[in-house]
Amino acid sequence: MSMPKPLNERRSGTLADLSALVYSTDTGRICPDCRQPVAQCACKAQKALPQGDGIVRVSRETKGRKGKGVTLVKGLLLDADALTLLSRELKAACGVGGTVKDGVIELQGDHVETVMERLKRAGHTVKRAGG
């Protein structure tokens, strides 16, 4: 049986990376990426909008969901906060539950037409994707 590796050899990076400051009594929480106070974090400003062709694709899918259909909205060029807000509006309009995963809005049930209408009214270029 071999001996376990020391902590500094188990993970990639240096020992200094493993012992990064996460809280300071002077400034509060510290961002682990830019090592600035969270209120002055430079990482938030650097996050770019998702790339795409500007066309929102709305589809219905049942794959991997035990036969339950969901409506998927892909290709929205919005940041995470705006995507969550739009998701909330669409869920309320359709009267269903849903979530946002990896920049894709998922709504429970078949609501492709309702979602397309709402997005067109909001000024998006919308296409129906998949059958």
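Visitor: How do the axes of helix H4 and helix H5 cross, and at what angle?

Guide: Two packed helices are described by the angle between their axes and the distance between the axes. In this predicted model, the axes of H4 (residues 80–94) and H5 (residues 112–121) come within 10 Å, and they cross at roughly 130°. H4 and H5 are therefore oblique to each other. As for handedness, the crossing in which H4 passes H5 is right-handed.

Visitor: Which residues in H4 and H5 meet?

Guide: On the H4 side, look for Leu86, Leu90, Ala93 and Cys94. Across from them, H5 brings Thr114, Val115, Arg118 and Leu119. Sort the residues of this contact by character and you get 6 nonpolar, 1 polar and 1 charged.

Visitor: Okay, let me step back. How many helices and strands does the protein have?

Guide: The count is 5 helices and 7 strands. If you walk along the chain from the N terminus, the elements run α-α-β-β-α-β-β-α-β-β-α-β.

Visitor: What do the numbers say about the protein as a whole, say, what share of the residues is buried?

Guide: Of the 131 residues in the protein, buried ones make up 24%. The exposed surface comes to about 9,500 Å², with carbon and sulfur atoms supplying 50% of it. You can also ask how far along the chain the contacts reach. Among contacts with a separation of 6 or more, 39% are between residues 24 or more positions apart.

Visitor: Let me try single residues. Where is Ser87, and is it buried or exposed?

Guide: Ser87 is found in helix H4. Its relative accessibility is 2%, so Ser87 counts as buried, the cut-off being under 20%. Skip its neighbours within four places in sequence, and Ser87 is in contact with Thr99, Val100 and Ile105.

Visitor: And Ser59, which residues is it in contact with?

Guide: Start with its place: Ser59 lies in strand S3, residues 55–61. With 11% relative accessibility, Ser59 counts as buried. Again leaving aside neighbours within four places in sequence, the contacts of Ser59 are Val70, Thr71, Leu72, Val112 and Ala129.

Visitor: What about a residue in a loop? Is Leu76 buried or exposed?

Guide: Leu76 sits in the loop between strand S4 (70–74) and H4. At 4% relative accessibility, Leu76 counts as buried. Try finding Thr125 from there: Leu76 and Thr125 are 49 residues apart along the chain, and their C-alpha atoms are separated by 9.7 Å.

Visitor: Now the backbone. What is the phi of Lys66?

Guide: Most residues other than glycine have a negative phi, and most peptide bonds are trans. Lys66 is not a glycine, yet its phi is positive, about 55°. You'll find Lys66 in the loop between S3 and S4. With a relative accessible area of 84%, Lys66 is exposed.

Visitor: And what is the phi of Asp102, and where is that residue?

Guide: Asp102, a residue other than glycine, has a positive phi near 55°. Its place is in the loop between strand S5 (98–101) and strand S6 (104–108). Asp102 is exposed too, with a relative accessible area of 83%.

Terms used:
Residues are numbered from 1 along each chain as its sequence is written. This is a predicted model: local features need pLDDT of at least 70, side-chain atom pairs count only at pLDDT 80 or more; totals for chains, interfaces and linings use all residues. Side-chain values use heavy atoms; hydrogens and water are left out. Axes are lines fitted to C-alpha atoms, for helices over the stretch in contact, and angles run from 0 to 180 degrees between N-to-C directions. Helices (H or I, at least four residues) and strands (E, at least two) are DSSP runs, numbered from the N terminus. Angles under 35 degrees count as roughly parallel, over 145 as roughly antiparallel, 65 to 115 as roughly perpendicular and the rest as oblique. A crossing is left-handed if the near helix is turned anticlockwise from the far one by less than a right angle, and right-handed if clockwise. Contact means heavy atoms within 4.5 Å. Ala, Val, Leu, Ile, Met, Phe, Trp, Tyr, Cys and Pro count as nonpolar, Asp, Glu, Lys and Arg as charged, and the others, Gly among them, as polar. Buried means under 20% relative accessible area, exposed over 50%, partly exposed in between (1.4 Å probe, protein chains only). Accessible areas come from the Shrake-Rupley method with a 1.4 Å probe; for residues, only the protein chains shown count as cover.
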